[in-house]
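Biologist: Please take a close look at one part of this protein for me. Keep it simple, and walk me through it step by step.

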Amino acid sequence: MNIKPLADRVVIKMIEQECKNEFGLFLPDSAKEKPQVAEVVAVGPGTKDIKMELKVGDKVICSKYAGTEVKLDDVTYSIMKQNDVLAIVE
C-alpha cells in the first residue's frame, strides 16, 4: 500500500464481521451492517496542535459513516481524521 496520510489523518482497513447471524443463517451483503471495527494501516505525522495517538496495527472503533473510502489494489480503505476514531480496542 502506498498511501501516506497528511496531518492528523489515518488510513484504516475495516475488519469484516462474520456473515452468519446468531441462528446460524448466512446473511447476504445487503443485510450486513457497516463494520465499525478496523485496523490502522497508516498514520499521518499529526500537527503542532494535535498529537497523533494512534499507531499502525491498532485495532479501533470508528464512526460508522466517517471518512472517505478509497480502493487501492482491490482493497477498500477509509481515510479519516483521528478524532473520528472513537476508541482503541485492546
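Modeller: Here is a tour that starts at the end of one strand and moves on to its surroundings. This is a predicted model, where local features need pLDDT of at least 70, side-chain atom pairs count only at pLDDT 80 or more, and totals for chains, interfaces and linings use all residues. Residues are numbered from 1 along each chain as its sequence is written, and side-chain values use heavy atoms, with hydrogens and water left out.

Start with Lys-81. It sits in strand β5, residues 75–81. Strands are DSSP runs of E, at least two residues long, numbered from the N terminus. Lys-81 has a relative accessible area of 35%, so it is partly exposed. The cut-offs are these: buried is under 20% relative accessible area, exposed is over 50%, and partly exposed is in between, using a 1.4 Å probe and protein chains only. Lys-81 touches Asp-8 and Arg-9, not counting residues up to four places away in sequence. Contact means heavy atoms within 4.5 Å. Val-10 is 71 residues from Lys-81 in sequence, yet their C-alpha atoms are 6.1 Å apart.

Now step to Gln-82. This residue is in the loop between β5 and β6 (85–89). Its relative accessibility is 11%, so Gln-82 counts as buried. Leaving aside neighbours within four places in sequence, Gln-82 contacts Asp-8, Ile-50, Lys-51, Met-52, Glu-53 and Leu-54. A polar atom of the Gln-82 side chain lies 3.4 Å from the backbone nitrogen of Leu-54.

Leu-54 leads inward. Beyond its neighbours within four places in sequence, its contacts include Val-10, Val-60, Gln-82 and Val-85. Leu-54 also belongs to the largest nonpolar core, which has twelve residues, among them Val-10, Met-52, Val-60, Met-80 and Val-85. Such a core is a set of buried Ala, Val, Leu, Ile, Met, Phe, Trp, Tyr and Cys residues joined through side-chain atoms within 4.5 Å. β1 (9–14), β2 (37–43) and β3 (59–62) each supply at least two residues of this core. The largest share, three residues, comes from β1. In soluble globular proteins, nonpolar side chains tend to be buried together.

Last, look at the charged pairs. There are two salt bridges, each a side-chain nitrogen of Lys or Arg within 4 Å of a carboxyl oxygen of Asp or Glu. One joins Lys-59 and Glu-39, at 3.9 Å from N to O. Lys-59 is in β3 and Glu-39 in β2, so this pair ties together parts 20 residues apart in sequence. The other joins Asp-58 and Lys-55, with the closest N and O atoms 3.2 Å apart. Asp-58 is buried at 9%, whereas Lys-55 is exposed at 52%.

Terms used: Helices (H or I, at least four residues) and strands (E, at least two) are DSSP runs, numbered from the N terminus. A polar contact is a pair of N or O atoms within 3.5 Å; within protein, one must be able to donate a hydrogen and the other to accept it, and residues adjacent in sequence count only if both atoms are side-chain atoms.
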